[in-house]
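These are my notebook entries on a structure that is new to me. I set down what I looked up, entry by entry.

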Amino acid sequence: MVVYWIFSLDADELPDEKCIDSLRLLDFDTPAIYKFKRLNHYCDRPIKACGWYPDHVIRLFHKSVANFSDEVVHESVKAKNSDDTIILLDGEILHFSFYGSHQLLQKVLTYTSMYGENYMGKPKSVITILL
């Protein structure tokens, strides 16, 4: 069996009911790229401020039109052709990444270490590092 479509969720993400319903309505005969609004949570509370919402993320794509980036930290899905339209579907991806300040700080330390290892010896501006 050959798989052409990829629906990718992180371990701390969950599709809501509207998201699942919109997936059921899709016609999978035509290759496409689909994104959803991601609703981030902190301490089990949704965050709709500070630029965290809507956080659009590509989570469904046909392998012929998109693929994963090579980034070690915050890898993402990239369209193979910059002219391809990325379609926003109804529903949200619920993102439960932090349950408290300790977990938030631990994740920051982990990502900082991974970023440093990935870019060690490569020139980067201070602005790039801060982003």
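**Entry 1: a buried pair**

I began with two charged residues, and found that arginine 59 and glutamate 13 are both buried. The model is a predicted one, and I read every value below as computed from it.

I then looked up how the two side chains stand to each other. Arginine 59 and glutamate 13 form a salt bridge through their side chains, at 2.9 Å from N to O. Because arginine 59 sits in strand β5 and glutamate 13 in strand β2, this pair ties together parts that lie 46 residues apart in sequence.

**Entry 2: the surroundings of arginine 59**

I noted that strand β5 covers residues 55–62 and includes arginine 59. The relative accessible area of arginine 59 is 11%, and I count this residue as buried because the limit is under 20%.

Which residues are in contact with arginine 59, leaving aside its neighbours within four places in sequence? I listed Ile6, Phe7, Ser8, Leu9, Asp10, Glu13, Tyr34, Lys35, Phe36, Arg38 and Ile93.

**Entry 3: strand β5 and its partners**

I asked how many of the eight residues of β5 are buried. The number is six, so β5 is largely enclosed by the rest of the structure.

I next looked up the strands paired with β5. Strand β1, residues 5–7, runs antiparallel to β5 and is joined to it by three bridges. Within this pairing I recorded isoleucine 6, whose bridge partner in β5 is phenylalanine 61.

Strand β3, residues 33–42, also runs antiparallel to β5, and six bridges join these two strands. Here I recorded lysine 35, whose bridge partner in β5 is isoleucine 58. Lysine 35 also stands among the contacts of arginine 59, as does isoleucine 6.

**Entry 4: the other salt bridges at β5**

I counted five salt bridges in total. One of them joins the side chains of arginine 59 and aspartate 10, at 3.8 Å from N to O. Arginine 59 belongs to strand β5 and aspartate 10 to the loop between β1 and β2 (13–15), so this pair ties together parts 49 residues apart in sequence. I noted that aspartate 10 has a relative accessibility of 34% and counts as partly exposed.

A further salt bridge links the side chains of aspartate 55 and arginine 38, at 2.7 Å from N to O. Since aspartate 55 lies in strand β5 and arginine 38 in strand β3, the pair ties together parts that are 17 residues apart in sequence.

Are these two residues buried or partly exposed? Aspartate 55 is partly exposed, with a relative accessible area of 22%, whereas arginine 38 counts as buried at 13% relative accessibility.

I then asked which residues are linked in a network of salt bridges. The network comprises Asp10, Glu13, Arg38, Asp55 and Arg59.

**Entry 5: the chain as a whole**

I turned to the secondary structure and found three helices and eight strands. From the N terminus on, I wrote down the order of elements as β-β-α-β-β-β-β-β-β-α-α.

The chain has 131 residues, and buried residues make up 30% of them. I looked up the exposed area of the chain as well: this is about 9,100 Å², with carbon and sulfur atoms supplying 58% of it.

For contacts between residues at least 6 apart in sequence, I recorded that 67% join residues at least 24 apart.

**Entry 6: phenylalanine 98 and the cysteines**

I located phenylalanine 98 in strand β8, which spans residues 86–98. Phenylalanine 98 is buried, with a relative accessible area of 11%. Its C-alpha atom is separated by 9.0 Å from that of asparagine 40, although these two residues are 58 residues apart along the chain.

How many disulfides does a search of the whole structure find? I recorded zero. I also looked up two cysteines: cysteine 43 is partly exposed, with a relative accessible area of 33%, and cysteine 50 is exposed, at 73%.

Technical notes: Residues are numbered from 1 along each chain as its sequence is written. This is a predicted model: local features need pLDDT of at least 70, side-chain atom pairs count only at pLDDT 80 or more; totals for chains, interfaces and linings use all residues. Side-chain values use heavy atoms; hydrogens and water are left out. Helices (H or I, at least four residues) and strands (E, at least two) are DSSP runs, numbered from the N terminus. Buried means under 20% relative accessible area, exposed over 50%, partly exposed in between (1.4 Å probe, protein chains only). Contact means heavy atoms within 4.5 Å. Two strands pair if DSSP finds at least two bridges between them. A salt bridge is a side-chain nitrogen of Lys or Arg within 4 Å of a carboxyl oxygen of Asp or Glu. Accessible areas come from the Shrake-Rupley method with a 1.4 Å probe; for residues, only the protein chains shown count as cover. A disulfide is a pair of cysteine sulfur atoms within 2.5 Å.
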